[in-house]
Amino acid sequence: MSQCERSALQDARVYLEWIRRQGLLVPRDELEAAMASGASSPGGAGAQDASGLPSAPAGSSSPQAPARFAALRAEVEACRKCALGYQRKNAVFGVGNPKARLVFIGEAPGATEDEQGKPFVGAAGNLLTRELKKHGVERDEVFICNILKCRPPDNRDPLPEEIAACEPYLLEQLRLIGPQMLCGLGRFAVMTLLKRQITITKIRGTWEHYEGLPLFVCLHPAAVLHQPVNRPLFEADIKTLCEAYKRGAP
Ligand code: SF4
Ligand code: URA
């Protein structure tokens with residue numbers, strides 16, 4: 001199997017897993033047909049069959065990707081798959097370029113984000129935005145989102161069942177955006193993405209992988225607000241990341 005076929009098959013698996021986790025029932029023969037066409041259409045054709053079900057995943061190269069992205073946003077904004085859906089003011093889908101080469105992934109919205117329905121718009125977010133700008137990177141050219149789309153009460157840590165309910169949205173976002181690289185912001189986000197315990201101070205500034213994409217491990221900007229001694233580390237991380245982004249490779 002070629003690299004291209006392998007990645008198409010992986011796309012199909014991610015998409016089918018997303019459908020499964022949505023609780024949508026798809027007959028087994030349709031699943032198998034979609035798997036087969038996912039493996040044999042390297043461009044990710046995204047064609048629809050008579051039932052309107054995509055017969056192959058629509059990646060960012062598909063003409064259907066913008067419509068799917070808008071539909072996904074609407075789905076997240078109405079989501080009640082976990083208890084947080086009943087407690088939030090606004091779901092926070094994410095902001096930025098739906099074709100971004102770089103996607104930032106934080107943990108979950110805070111109070112300001114919940115109010116505004118946008119990620120990283122509070123004090124920590126402003127620090128991130130300023131630091132990117134120093135390197136000539138604007139918020140609207142990248143995409144910024146979180147693992148959880150709704151705010152946990154009192155900013156408590158996300159629960160495993162909340163992550164399990166919400167992570168499929170992130171996977172689908174990444175599939176539709178098709179970025180070159182990712183940046184995990186803070187210990188909790190990176191641990192959740194890597195599915196292992198980490199010591200953020202040990203692996204910050206290095207590259208890992210999530211869903212086959214390079215994942216840069218960055219200190220959370222809030223760590224600078226809580227402990228100013230972290231500022232040079234955060235600044236160094238953002239510099240390393242922006243240089244990789246401009247090069248187009250880690
Ligand atoms: Fe849905 Fe995610 Fe919000 Fe839970 S946190 S209600 S899964 S969008
Ligand atoms: N911290 C996060 O992890 N995400 C936000 O959106 C804001 C603060």
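## Helix H5, outside and in

Start with the side of H5 that faces away from its buried residues: here sit the exposed residues Ala123, Arg130 and Lys134. (Exposed is over 50% relative accessible area, buried under 20%, with a 1.4 Å probe and protein chains only; helices are DSSP runs of H or I with at least four residues, strands E runs of at least two, numbered from the N terminus.) This is a predicted model, where local features need pLDDT of at least 70 and side-chain atom pairs pLDDT 80 or more, while totals for chains, interfaces and linings use all residues. Residues count from 1 along each chain as its sequence is written, and side-chain values use heavy atoms, without hydrogens or water.

Tucked in on H5 are Ala124, Gly125, Leu127, Leu128, Glu131 and Leu132, all buried. They line one face of the helix, because they fall within an arc of 160° seen down its axis (the arc of directions from the axis to the C-beta atoms). Their cover includes strands E2 (102-106) and E4 (181-185), plus helices H9 (221-226) and H10 (231-247), counting contact as heavy atoms within 4.5 Å.

## Just past the helix

Right after H5 comes Gly136, with a positive phi of about 75°.

## The largest pocket

The lining of the largest pocket has 29 residues, with Glu107, Ala108, His220, Ala222 and His226 nearest the centre. A pocket here is an open set of points on a 1 Å grid over the protein atoms alone, where a 1.4 Å probe fits, with protein on both sides within 12 Å along at least five of seven lines; lining residues have an atom within 4 Å of a point. H4 (111-116), H5, H7 (187-194) and H9 each give two or more residues to this lining, and H9 has the largest share, four residues.

Definitions and conventions: Chains lettered and ligands numbered in written order.
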